[in-house]
Amino acid sequence: MRNGLAALLLLLSAVAAQADDEAVIDRWYSALLKTDRAALGELLADDARINLTDLGVVQTKQEFISSMDEWESAVAGGKIRHRIAKSEAGVVTVIACYDFPANDMLMQETFALSGEHLTATSQAAMAETCDAY
């Protein structure tokens with residue numbers, strides 16, 4: 001009986017952690033779509049690193065926030081759909097469709113979380129359309 005209770009508590013803890021991770025990820029994409037610099041700044045840890053794999057660019061938190069002027073025009077009129085593919089031990093892998101007026105792109109994005117902060121992100125293109133989303 002005690003082993004069953006321990007297993008149940010462990011399962012409930014994992015479900016709660018996954019729900020917390022999902023809330024952070026949802027806030028990230030909402031802030032990204034709105035180019036909400038303040039919300040992005042709150043979500044990113046001070047020493048966060050943003051790895052844009054396809055571009056060969058790694059940005060600091062400040063560099064990423066500063067790049068929002070360019071991003072704001074790119075995302076205007078667009079949508080971002082996302083779903084968590086995997087969440088384990090503070091690392092969340094997301095499949096995201098960036099659906100812009102002129103084109104769309106399917107991405108795999110990985111987030112390292114520490115509480116409610118993103119300590120690292122990386123993104124890589126999966127396809128030039130979101131057909132597989």
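This is a short tour of one protein chain, stop by stop, with something to select at each stop. Keep in mind that the model is predicted.

**Stop 1: the whole chain**

Start with a cartoon view and colour by secondary structure. You should find four helices and six strands. Follow the chain from its start and the elements come in the order α-α-β-β-α-α-β-β-β-β. Now switch on the surface. The chain has 133 residues, and 31% of them count as buried. What about contacts between distant parts of the sequence? Counting contacts with a separation of 6 or more, 47% are between residues 24 or more positions apart.

**Stop 2: the largest pocket**

Select Leu52, Leu55, Trp71, Met107 and Gln123 together. You are now looking at the residues closest to the centre of the largest pocket, out of 26 that line it. The space inside is about 660 Å³.

Which elements each give at least two residues to this lining? Colour these and see:

- helix α1, residues 2-34
- strand β1, residues 44-52
- helix α4, residues 68-75
- strand β5, residues 104-114
- strand β6, residues 117-127

Next, colour the lining by residue type. It splits into 15 nonpolar residues, eight polar ones and three charged ones.

**Stop 3: Lys61**

Jump to helix α3, which covers residues 61-66, and pick Lys61. Is this lysine buried or exposed? Its relative accessible area is 15%, and the cut-off for buried is under 20%, so Lys61 counts as buried.

Show the side chain as sticks and look for Gly41. A polar atom of the Lys61 side chain sits 2.8 Å from the backbone oxygen of Gly41. Leaving out residues up to four places away in sequence, Lys61 touches Gly41, Leu44, Ala45, Asp46, Ala48 and Ile50.

**Stop 4: Ser66**

Stay in helix α3 and select Ser66. With a relative accessible area of 48%, Ser66 is partly exposed. Now add Arg37 and draw a line between the two C-alpha atoms. These residues are 29 apart in sequence, and the line should read 8.6 Å.

**Stop 5: the disulfide**

Select Cys97 and Cys130 and show their side chains. A disulfide joins them, with 2.0 Å from S to S. How many disulfides are there in total? The count is one. The angle about the S-S bond is 105 degrees, and the link is right-handed.

Zoom out a little to see what is being connected. Cys97 belongs to strand β4 (residues 91-99) while Cys130 is in the segment after β6, so the link ties together parts 33 residues apart in sequence. Both Cys97 and Cys130 are buried.

**Stop 6: Thr93**

Keep strand β4 on screen and move to Thr93. Its relative accessibility is 15%, so Thr93 counts as buried. Show its neighbours too. Leaving out residues up to four places away in sequence, Thr93 touches Arg83, Ile84, Ala85, Lys86, Gln108, Glu109 and Thr110.

**Stop 7: Ala132**

Go past β6 into the segment that follows it and choose Ala132. Ala132 has 61% relative accessibility, so it counts as exposed. It touches Arg83 and Leu106, again leaving out residues up to four places away in sequence. Arg83 may ring a bell, as it is also among the residues that Thr93 touches. For Leu106, check the C-alpha distance to Ala132: the two are 26 residues apart along the chain and 7.9 Å apart.

**Stop 8: two backbone oddities**

For the last stop, look at backbone angles. Most residues other than glycine have a negative phi. Here are two with a positive one.

Select Thr35, in the loop between α1 and α2 (37-43). Its phi is about 45 degrees, although Thr35 is not a glycine. Thr35 has 6% relative accessibility, so it counts as buried.

Then select Ala89, in the loop between β3 (79-88) and β4. Its phi is positive as well, at about 50 degrees, and Ala89 is not a glycine either. Where does Ala89 stand, buried or exposed? At 79% relative accessibility, Ala89 counts as exposed.

Terms used:
Residues are numbered from 1 along each chain as its sequence is written. This is a predicted model: local features need pLDDT of at least 70, side-chain atom pairs count only at pLDDT 80 or more; totals for chains, interfaces and linings use all residues. Side-chain values use heavy atoms; hydrogens and water are left out. On a 1 Å grid over the protein atoms alone, a cavity is a set of points where a 1.4 Å probe fits but cannot get out, and a pocket is an open set with protein on both sides within 12 Å along at least five of seven lines; lining residues have an atom within 4 Å of a point. Grid points are joined across faces, edges and corners, and a volume is the space filled by probe spheres set on the points. Ala, Val, Leu, Ile, Met, Phe, Trp, Tyr, Cys and Pro count as nonpolar, Asp, Glu, Lys and Arg as charged, and the others, Gly among them, as polar. Buried means under 20% relative accessible area, exposed over 50%, partly exposed in between (1.4 Å probe, protein chains only). A polar contact is a pair of N or O atoms within 3.5 Å; within protein, one must be able to donate a hydrogen and the other to accept it, and residues adjacent in sequence count only if both atoms are side-chain atoms. Contact means heavy atoms within 4.5 Å. A disulfide is a pair of cysteine sulfur atoms within 2.5 Å.
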